[in-house]
Amino acid sequence: MTKTVNLPDGTALPLIGFGTWQLQPEAAYESVRAALEIGYRHVDTATLYQNESDVGRAVKDSGLDREQVFLTTKLRPQDARRARSTLESSLRLLGTDYLDLWLIHWPTDQDELVSTWQELLSAKDAGLVRNVGVSNYSPELIDLLTEATGRQPAVNQIPWSPAQHDPALLEEHRRRGVVVEGYSGLKNTDLNDPVLTGIAQRHGVTPAQVVLRWHLEHDIVILPRSSRRERVATNFDLQGFDLTPEDVTAIDALTQAG
């Protein structure tokens, strides 16, 4: 059973999600189908990725109930002024009448920051989305949204990897009750680093599995992506080994080395 973290409305967000960035239509469909067969129950896409209809088709064809799959998409900043119609288009493409999570993909222009966030909140109030959040926002920008509306983002999706590990930034999110989703965790990591290869060898796993498991030790949501079924499977297979506190500390220290 995949570990989950509870969002403010009580929705359980699986800590292991399947990312679909840069997956072309056919690959997106096949990879999401494979991921759902393997056991993933959290799929992340975005308007920008142009594969929402393929992701939606894969969820539908998986035979799983819609309720069993946590589905995220993201609003491009340039669509801020037509947020609701963009959401309706995403829902149509995904073949669903609600999203589990809708994020603003990047901060909008200064004068649209609050109004865009209000659009997300109104979509949540209308029942079109269960949770709303942001991506690539600083804690200061999160505070600006919260102070303006009295309601804060449930999630912030930001780049995270051993080289970018920032305990202070993590603490800023924790203090606010904002869940951190890390992206590009493998892409931004040297998987041949002797620290990682050494830990992987000791546990009989791959360096990529070590890095993903390290995210989970910090309760950071991961979104690994691959179009190769065996890679999709190993990225999900993180429960059979435990990193020791020493392992975690050694990986944390790669940020100074990076």
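**Overall fold, central sheet and selected loop residues**

The secondary structure of the protein comprises 11 helices and 10 strands, where helices (H or I, at least four residues) and strands (E, at least two) are DSSP runs numbered from the N terminus. The radius of gyration is 18 Å, close to the 18 Å that the globule rule gives for 258 residues, so the protein is as compact as a globular protein of that length. This radius is taken over C-alpha atoms, and the globule rule is 2.2 Å times the number of residues to the power 0.38. The structure is a predicted model, in which local features need pLDDT of at least 70 and side-chain atom pairs count only at pLDDT 80 or more, while totals for chains, interfaces and linings use all residues. Residues are numbered from 1 along each chain as its sequence is written, and side-chain values use heavy atoms, with hydrogens and water left out.

The C-alpha trace spans about 50 × 40 × 30 Å along its principal axes. Of the 258 residues, 52% count as buried; buried means under 20% relative accessible area, exposed over 50%, and partly exposed in between (1.4 Å probe, protein chains only). The protein exposes about 11400 Å², of which carbon and sulfur atoms supply 48%. Accessible areas come from the Shrake-Rupley method with a 1.4 Å probe, and for residues only the protein chains shown count as cover. Among contacts (heavy atoms within 4.5 Å) between residues at least 6 apart in sequence, 71% join residues at least 24 apart. There are 25 positive and 36 negative side chains, and the centres of the two sets lie 4 Å apart. In this count Lys and Arg are positive and Asp and Glu negative, with His and the chain ends not counted; each charge is placed at NZ of Lys, CZ of Arg, CG of Asp or CD of Glu.

An open sheet is formed by 8 strands in the order β3-β4-β5-β6-β7-β8-β9-β10, with parallel pairing. The edges are occupied by β3 (18-19) and β10 (221-222), each with a single partner strand, so one side of each is left without a neighbour in the sheet. Two strands are taken to pair if DSSP finds at least two bridges between them.

Within this sheet, β4 (residues 42-44) and β5 (residues 70-75) pair in the parallel sense over 3 bridges. The bridge partner of H42 in β5 is F70, and that of V43 is L71. Strand β5 is mostly covered, with 6 of its 6 residues buried. In a regular strand the side chains alternate between the two faces of the sheet. Both faces of β5 are covered: F70, T72 and K74 are buried on one side, and L71, T73 and L75 on the other.

Strands β8 and β9 run parallel and are joined by 5 bridges. Q157 has E181 as its bridge partner in β9. Strand β9 (residues 179-183) is also mostly covered, with 4 of its 5 residues buried.

Two loop residues flanking α5 were examined for their surroundings. Y137 lies in the loop between β7 (132-135) and α5 and, at 4% relative accessibility, counts as buried. Leaving aside residues up to four places away in sequence, Y137 touches I104, W106, P107, T108, L113, I142, L145, N156 and I158. The C-alpha atoms of Y137 and L101, 36 residues apart along the chain, are separated by 16 Å. Q152 lies in the loop between α5 (139-149) and β8 (155-159) and counts as partly exposed at 31% relative accessibility. With the same sequence neighbours left out, Q152 touches W117, T146, R176, G177 and V178. Q152 and R92 are 60 residues apart in sequence and 27 Å apart in space, C-alpha to C-alpha.

Backbone torsions were also considered. Most residues other than glycine have a negative phi, and most peptide bonds are trans. Q50 has a positive phi near 55 degrees and is placed in the loop between β4 and α2 (52-61). The relative accessible area of Q50 is 68%, and Q50 is exposed. D219 likewise has a positive phi near 55 degrees. This residue is found in the loop between α8 (207-217) and β10, and D219 is partly exposed, with a relative accessible area of 40%.
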